[in-house]
Amino acid sequence: MNIHEYQAKELLRKEGVPIPPGEVARTAAEAEAIARKFGGTVVVKAQVHAGGRGKAGGVKLAKSPEEAREIASKILGMQIKGLTVEQVLVTPAADIATEAYAGVILDRATKKPVFMVSPAGGIDIEEVAAKTPDKILKLPIDTRYGLQPYQASRLGFFLYDDVKQVRTAGKVLQQLYVAFMKNGCSLAEINPLVTTPAGDVVALDAKMVIDDNELDRHPEIAALRDESAEAPSEVQARNANLTFIKLDGNVGCVVNGAGLAMATMDLVKYYGGEPANFLDIGGSSNPEKVVNALKIITADKNVKAILFNIFGGITRTDDVANGIVTATKQSPLKVPIVIRLTGTNEEIAMKILQENGFSASSDMDEAVKNAVALAKGGKAA
Amino acid sequence: MSIFVDKNTTVVVQGITGRDGSFHAKQMLEYGTRIVAGVTPGKGGQTFEDRTPIFNTVADAVAATGANTSVIYVPPMFAADAIMEAADAGFRLIVAITEGLPVLDMTRVYPFVMEKGARLIGPNCPGLITPGQSKVGIIPGRICAPGGVGVVSRSGTLTYEVVYQLTRAGLGQSTCVGIGGDPINGTNFIDCLAAFEADPATKAVAMMGEIGGTDEQDAAAFVKQNMKKPVVGFIAGQTAPAGRRMGHAGAIISGSAGTAAEKIAAFEAAGMGVAKRPIDFVELLKKKL
């Protein structure tokens with residue numbers, strides 16, 4: 001789960017990370033009032049779950065409250081990578097001497113959280129990694145022992161020469177690590193971590209990604225979810241316990257299991273079609289899940305054909321068949337449907353479908369070919 | 001022969017009285033797996049299906065039965081503890097089916113299991129099956145047949161799909177292993193490939209990977225350097241967009257790393273067969289067998 005910059009900053013502040021004050025505005029008038037309160041130059045920053053906000057024009061300096069209002073009115077409502085900006089963070093502009101990067105990322109290769117620091121901060125760390133990999137220090141951390149002082153010191157010396165700054169940075173890294181562990185993160189980063197002309201070390205931007213599997217034991221973090229910052233269809237799917245990702249094609253896919261769902265999308269493409277979505281109804285299906293899945297798929301006006309691909313293991317194919325029948329009785333389909341199912345209770349499922357006027361195949365390739373043909377306005381083989 | 005499980009595998013089911021645990025314990029018993037005990041704290045002394053004794057702790061179950069393998073169906077928030085309990089009890093093989101285990105839990109569990117010298121398969125995996133001998137997990141037994149193809153995969157239902165198509169085409173399997181779709185898991189492709197290479201019953205390997213991470217690229221390098229047996233690979237997620245998690249916690253393309261194209265190129269560079277569709281496994285494997 002992604003959280004906003006202002007939320008990540010709040011979590012880091014709780015651990016003691018030095019962060020300039022800031023407040024969130026939902027309207028231009030609010031932005032102006034906040035800017036007036038802080039006085040001087042402020043930064044107005046779009047709060048969306050997308051990288052590259054600066055490049056997209058979503059981060060701007062304002063020298064006066066009036067200018068803050070004007071800038072906020074432009075940024076609010078702006079589209080960044082398909083997401084609408086609903087909130088801006090208004091924060092006093094800082095004087096910057098140096099910019100560094102500090103992050104903790106769950107790393108598959110070492111099976112540990114890995115600290116990454118770089119004195120080349122303020123830009124995308126992947127860009128630094130690609131162009132100047134020697135400017136990045138990586139350090140895997142054994143979570144059974146945590147970040148040790150000597151490790152924090154080593155990371156600090158990679159960033160700064162001044163011992164005082166190294167010590168301050170070491171403290172910030174400890175706090176970053178605590179926030180990463182405490183909140184169940186898969187990523188926590190400060191970029192940039194700046195030094196001011198006065199020698200202070202301050203975090204100017206923060207990003208955190210929470211492991212979805214942690215949300216059950218962190219209800220306070222789960223409550224940070226901003227549904228207005230996500231595609232409505234994906235919110236609807238999650239609330240129905242489905243995994244859904246909207247894509248740009250016209251073949252709506254309903255599949256059980258993530259790997260098979262991806263393989264089905266790939267097969268649609270292989271046979272000349274374009275998948276409209278990734279949708280995994282999960283393992284233990286019930287008819288209700290299928291009803292919800294069909295609601296979400298049919299709400300997408302691009303969808304010209306619907307493809308079911310179900311390999312019943314834990315999933316009972318008769319549950320899926322009943323779901324299809326119920327859903328289409330509630331609201332008849334306006335586009336053709338192709339059903340492929342095989343596995344647990346296949347005979348019962350086929351009977352249910354036939355009695356209700358549906359045909360089904362047990363062959364994946366055949367079903368995908370038919371769905372692609374139908375989506376193009378042609379006929380099934 | 002086979003890898004990891006065979007007819008001598010004796011299994012303890014952790015979470016045997018739960019919804020998933022009881023359903024799959026029954027399926028495993030029907031398949032002929034030697035389930036010798038179950039564990040559910042507080043239900044020690046009872047029996048499962050009138051024949052399998054239930055114990056309060058894994059240590060009790062091992063002391064009473066001498067079982068060598070554990071399969072875990074406990075809920076995600078308790079799964080890390082269950083895996084550590086199993087490793088501490090001295091099992092050789094631990095199969096964690098549970099989905100939704102926090103990844104940070106695995107950063108503690110993995111080194112613990114390694115220090116105990118156990119093999120962990122999963123979490124968030126369908127387990128494994130040696131057709132005709134033993135099924136430990138949830139892979140449907142009726143889609144499998146004994147034979148010479150070793151199967152290893154990061155996914156569940158996609159594995160079933162491929163195994164089903166292999167069986168229909170007359171290509172049986174030595175062992176099918178689902179290693180799971182989480183970012184941190186106990187057993188990776190290379191572990192399975194090495195075991196298949198050493199297993200006399202395995203004549204060729206079918207490997208199903210997906211987008212995200214570098215496990216498939218590492219596996220391809222291993223195939224090139226260490227394997228004489230033919231390996232055919234498939235990557236799911238060729239049409240997946242970057243930066244979006246495709247269901248599995250591990251299936252995410254970050255930056256330029258972990259794309260299907262990158263993985264397929266690694267397969268080709270290693271001289272492996274590349275299945276563009278699941279059905280392509282059949283012809284590619286037939287050619288190599």
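**View 1. Domain 1 of chain B meets domain 2 of chain B through 10 residues on its own side and 9 on the other.** In this predicted model, the domain 1 side draws on two elements of chain B that each give two or more residues, α4 (103-116) and β7 (119-121). Helix α4(B) supplies the largest share, 5 residues. By class, this side has 8 nonpolar residues, 1 polar and 1 charged.

**View 2. Chain B is divided into two domains.** Domain 1 covers 10-121. Domain 2 covers 139-288. Their centres, taken over C-alpha atoms, are separated by 26 Å.

**View 3. Chain A carries 13 helices and 18 strands.** Its C-alpha atoms fill a box of roughly 80 × 50 × 40 Å along the principal axes. The chain has 381 residues, and 48% of them count as buried. Take the contacts in chain A between residues at least 6 apart in sequence: 67% of these join residues at least 24 apart.

**View 4. Chain A touches chain B, with 43 residues of chain A in contact with 45 residues of chain B.** Five elements of chain A each supply at least two residues to its side. Three are strands: β8 (112-118), β13 (243-246) and β15 (277-280). The helices are α9 (258-270) and α13 (364-375). Helix α9(A) gives the most, with 11 residues. The chain A side divides into 19 nonpolar, 10 polar and 14 charged residues.

**View 5. The largest nonpolar core holds 198 residues.** Six of its residues touch the most other members. From chain A these are Leu176, Leu279 and Ala371. From chain B they are Ile72, Ile83 and Ile94. In soluble globular proteins, nonpolar side chains tend to be buried together.

**View 6. A:Leu279 has contacts beyond its neighbours within four places in sequence.** Which residues are in contact with A:Leu279, leaving those neighbours aside? A:Leu242 and A:Phe244 are among them. So are A:Cys253, A:Val254 and A:Val255. A:Ala261, A:Ala293 and A:Ile297 complete the list.

**View 7. A second core of 20 residues is separate from the largest one.** Its members include A:Ala31, A:Ala68, A:Ala72 and A:Leu89.

Conventions
Residues are numbered from 1 along each chain as its sequence is written. Chains are lettered from A and ligands numbered from 1 in the order in which they are written. This is a predicted model: local features need pLDDT of at least 70, side-chain atom pairs count only at pLDDT 80 or more; totals for chains, interfaces and linings use all residues. Helices (H or I, at least four residues) and strands (E, at least two) are DSSP runs, numbered from the N terminus. A residue is buried if 20 or more other C-beta atoms lie within 10 Å of its own, exposed if 12 or fewer, and partly exposed in between; C-beta atoms are placed from the backbone. Two residues are in contact if their C-beta atoms, placed from the backbone, lie within 7 Å. Ala, Val, Leu, Ile, Met, Phe, Trp, Tyr, Cys and Pro count as nonpolar, Asp, Glu, Lys and Arg as charged, and the others, Gly among them, as polar. A nonpolar core is a set of buried Ala, Val, Leu, Ile, Met, Phe, Trp, Tyr and Cys residues joined through C-beta atoms within 7 Å. Domain bounds come from an automatic or database domain assignment.
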